[in-house]
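Please open the structure in a viewer and follow the stops below in order. Each stop names a selection and then describes what is found there.

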Amino acid sequence: MKKFFLILSLCAGLSAGLWAQEYEPYLSEADVTSSVKLLPPPPAEGSIEFLMDKIAYWEYYRLRFADTARVRQALIDADMSDKVLLQFKESFGLEITKEKMPETYLLLMRSKECFGSSGSNEAKRTYKRTRPFVYFNSHTIDPDHEEWLKYNYSYPSGHTANFFGMAYILIDLRPECREVLQKRAEQGGISRAIYGAHWVSDLMAGRTVAGSVFEILKRNPEYQKQFKKAQEEVNRAINLQKN
């Protein structure tokens, strides 16, 4: 069993390395505000906040049996590959793919891990918060991924940080879509609670991380240069829709 997890870790590290070579994040952990300094510690056992986390967990657990469409969406939202960009198609009004919108695609792919990894990982390593499905000896909606989740801690939610971070970038590209993009990011965060991978307080912490990282990201020269290219591409696509 130990050998299995060693191989799994090596494969994950290799995959992450190859991904980073193709879409190197604009920011590393050293470039962002320490998530340990930015965030309060996760709610402690016995606190009112943790009690609220527990209540919310069971509310979302019951939702799994009442809303199958929402569960399907939570499964889709769990995929943090470039497929996540397609989840913003309706709220952004444009389909962002490598082929159709290469400049916008590159901007988002190089930004994404600034939120979920660079911005979140220090707090995950420090607090080592147990995920709710492990705490309750329960299951997520996708048991095939539970072994990996057990060894990747809960606080803050990197998925939620990614969703909000990308939404903030897209809002800068199309300010008129602010409301629907923010709502889509909120849905992406809630998907993690429905999935069973995160406490609600993890989601709020992920949103805080996204806001902090975004303010730093906007000052990055490489990001600024690529953002201008993406803005021009988005404007062209909008004009084509109108004609």
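A residue counts as buried under 20% relative accessible area, as exposed over 50%, and as partly exposed in between. The model shown is predicted.

**First stop: helix H3**

Select Trp58; with a relative accessibility of 33%, Trp58 is partly exposed. Add Tyr61, which is also partly exposed, at 24% relative accessibility. Both residues belong to helix H3, where three residues, about one turn of the helix, separate them.

The next selection is Ile55, in the same helix H3, which spans residues 48–66. Because its relative accessible area is 43%, Ile55 is classed as partly exposed. Extend the selection to Ile48, Leu51 and Met52: together with Ile55 they make up a nonpolar surface patch with about 400 Å² of accessible area.

**Second stop: the aromatic pairs**

A pair of aromatic rings is described by the distance of the centres and the angle of the planes. The model holds 19 aromatic pairs. In one of them, the ring centres of Trp58 and Tyr61 are 5.1 Å apart and the planes stand at 70°, so this pair is edge-to-face.

Now select Tyr135 and Trp199. Their rings also form an edge-to-face pair, with 5.6 Å from centre to centre and 75° between the planes. Tyr135 is in helix H8 (residues 132–135), whereas Trp199 is in the loop between helix H11 (178–195) and helix H12 (200–217); the pair therefore ties together parts that are 64 residues apart in sequence. Which of these categories, buried or exposed, applies to Trp199? Trp199 is buried, with a relative accessible area of 2%, while Tyr135 is partly exposed at 32%.

To view the wider arrangement, select Phe50, Tyr57, Trp58, Tyr61, Phe65, Tyr135, Phe136 and Trp199, which ring pairs link into a cluster.

**Third stop: arginines over rings**

Select Arg174 and Phe92: Arg174 lies over the face of the Phe92 ring, 6.0 Å from the ring centre. Then move to Arg192, which lies over the face of Tyr195 at 4.8 Å from the ring centre.

**Last stop: the nonpolar core**

Finally, select Ile169 and Leu173. Among the 47 residues of the largest nonpolar core, these two touch the most other members. Helices that each supply at least two residues of this core are H6 (102–118), H10 (158–173), H11, H12 and H13 (221–242). Which helix gives the most to this core? Helix H10 does, with 10 residues.

Methods. Residues numbered from 1 in each chain as written. Predicted model: local features only at pLDDT ≥ 70, side-chain atom pairs only at ≥ 80, totals over all residues. Heavy atoms only, no water. Patch = residues over 30% accessible without salt bridge, like charges linked within 9 Å, V, L, I, M, F, W, Y side chains within 5 Å. Areas by Shrake-Rupley, 256 points an atom, 1.4 Å probe, with all protein chains shown as cover. Salt bridge = Lys/Arg side-chain N within 4 Å of Asp/Glu carboxyl O. Helix = DSSP H or I, 4+ residues; strand = E, 2+ residues; numbered from the N terminus. Buried < 20%, exposed > 50% of the residue type's maximum accessible area, 1.4 Å probe, protein only. Phe/Tyr/Trp six-rings, centres within 6.5 Å; stacked < 30°, edge-to-face > 60°. Lys NZ or Arg CZ within 6 Å of the ring centre and 35° of its normal. Core = buried A, V, L, I, M, F, W, Y, C linked by side-chain atoms within 4.5 Å.
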